[in-house]
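Got the viewer open? Here is a stop-by-stop tour, with something to select at each stop.

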Amino acid sequence: TGLYSINIKIMGSVPNLSLGDSATVFKELANFGLTNEEAVFSLSLACLLLVCLVLTLLMKTEIGLVLRSTGDNIPMSEANGVNVDTMKIVGYMISNGLIALCGSLFAQNDGFSDVTSGTGTIVVGLSAVIIAEVLIHDLTIGGRLLSIGIGAIVYRLIILNIYEIPNLDQNLVRLFNAILLALVLFAPELQKRLKIRGLKLRNE
């Protein structure tokens, strides 16, 4: 795609770029006596909580409410005089900024940047949203954002357990991933048919 070519140019016309001995935020945290695992966990958790806090505050402002209404019902938003095209651009700007933040942390943790490292990320995001919706209901906007982060962790833990299956044929890993995605997508319908209610953390 066009974005692939743009990423190649940004990386100096190479598909894989090593950070080598360059300073990273995780190395800086290691200077405070933290191990690499502790630095990754603490910084990732701090970023998750900070992003959830900032987005929660934003969504309670006037522009945040307009963003939410545009996402929920475009025709109704247009009928109320909202410039939905502008709101879409604002939403794209926020999402791309968060993608850049996550990508920078990912590259610093791995020690290199690869042009294909983002492949499949949209699947994780979609699965995280669905898992969060299935497990927990009736959340505030802040709780909903936080639950999506938890959903992503749950999805990754499931994938990790798949990789640890004894004598697993590595050629079947992508098949298992596809089956898992199908199950996640079907989970809301299954929950509705079986009348299974998720956790409710907010009183009516």
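Start with the whole chain in cartoon view and trace it from the N terminus: the elements run α-β-α-α-α-α-α-β-α-β-α-α-β. That gives nine helices and four strands. Keep in mind as you go that this is a predicted model. Zoom out and the C-alpha trace spans about 55 × 45 × 40 Å along its principal axes. The protein has 204 residues, and 22% of them count as buried. If you switch on contacts between residues at least 6 apart in sequence, 60% of those join residues at least 24 apart.

**Stop 1: a loop near the start of the chain**

Select S13, in the loop between α1 (2-10) and β1 (16-18). Check its backbone: S13 has a positive phi of about 65°, though it isn't a glycine. Most residues other than glycine have a negative phi. As for the surface, S13 has a relative accessible area of 46%, so it counts as partly exposed.

**Stop 2: a helix pair**

Now select residues 36-59, which are helix α3, and residues 84-110, which are helix α6. Which way do α3 and α6 run relative to each other? They pack at an angle of about 175°, with their axes 12 Å apart. Because an angle over 145 counts as roughly antiparallel, that is the label for α3 and α6.

Show side chains where they meet. From α3, pick N36, V40, L43, C47, V51, L55 and L58; facing them from α6 are I94, L98, L101, L105 and N109. Color this set by residue type and you get ten nonpolar, two polar and no charged residues.

Stay with L101, which sits in helix α6. Its relative accessibility is 32%, so L101 counts as partly exposed. Draw a distance from the C-alpha of L101 to the C-alpha of C47: the two residues are 54 apart along the chain, and the atoms are separated by 9.1 Å.

**Stop 3: the largest nonpolar core**

Hide that pair and select V124, I130, I131, V134, Y155, I159, I162, L168, V173, L180 and V184. These eleven residues make up the largest nonpolar core. Which helices supply at least two residues each? They are α7 (121-135), α8 (141-163) and α9 (173-194). The top contributor is α7, with four residues.

Click on V173 for a closer look. Setting aside its neighbours within four places in sequence, V173 is in contact with Y163 and L168.

There is also a second, separate core, this one of six residues. Among its members are F26, V40, C47 and L105. You have already met V40, C47 and L105 at the contact of α3 with α6.

**Stop 4: a serine in α8**

Last, select S147, which has its place in helix α8. Is S147 buried or exposed? The relative accessible area of S147 is 6%, so this serine is buried. Where does its side chain reach? To the backbone oxygen of R144, at 2.7 Å. To see what else surrounds S147, show A132, I136 and L139: S147 touches these three, not counting residues up to four places away in sequence.

How values were computed:
Residues are numbered from 1 along each chain as its sequence is written. This is a predicted model: local features need pLDDT of at least 70, side-chain atom pairs count only at pLDDT 80 or more; totals for chains, interfaces and linings use all residues. Side-chain values use heavy atoms; hydrogens and water are left out. A nonpolar core is a set of buried Ala, Val, Leu, Ile, Met, Phe, Trp, Tyr and Cys residues joined through side-chain atoms within 4.5 Å. Buried means under 20% relative accessible area, exposed over 50%, partly exposed in between (1.4 Å probe, protein chains only). Contact means heavy atoms within 4.5 Å. A polar contact is a pair of N or O atoms within 3.5 Å; within protein, one must be able to donate a hydrogen and the other to accept it, and residues adjacent in sequence count only if both atoms are side-chain atoms. Axes are lines fitted to C-alpha atoms, for helices over the stretch in contact, and angles run from 0 to 180 degrees between N-to-C directions. Angles under 35 degrees count as roughly parallel, over 145 as roughly antiparallel, 65 to 115 as roughly perpendicular and the rest as oblique. Ala, Val, Leu, Ile, Met, Phe, Trp, Tyr, Cys and Pro count as nonpolar, Asp, Glu, Lys and Arg as charged, and the others, Gly among them, as polar.
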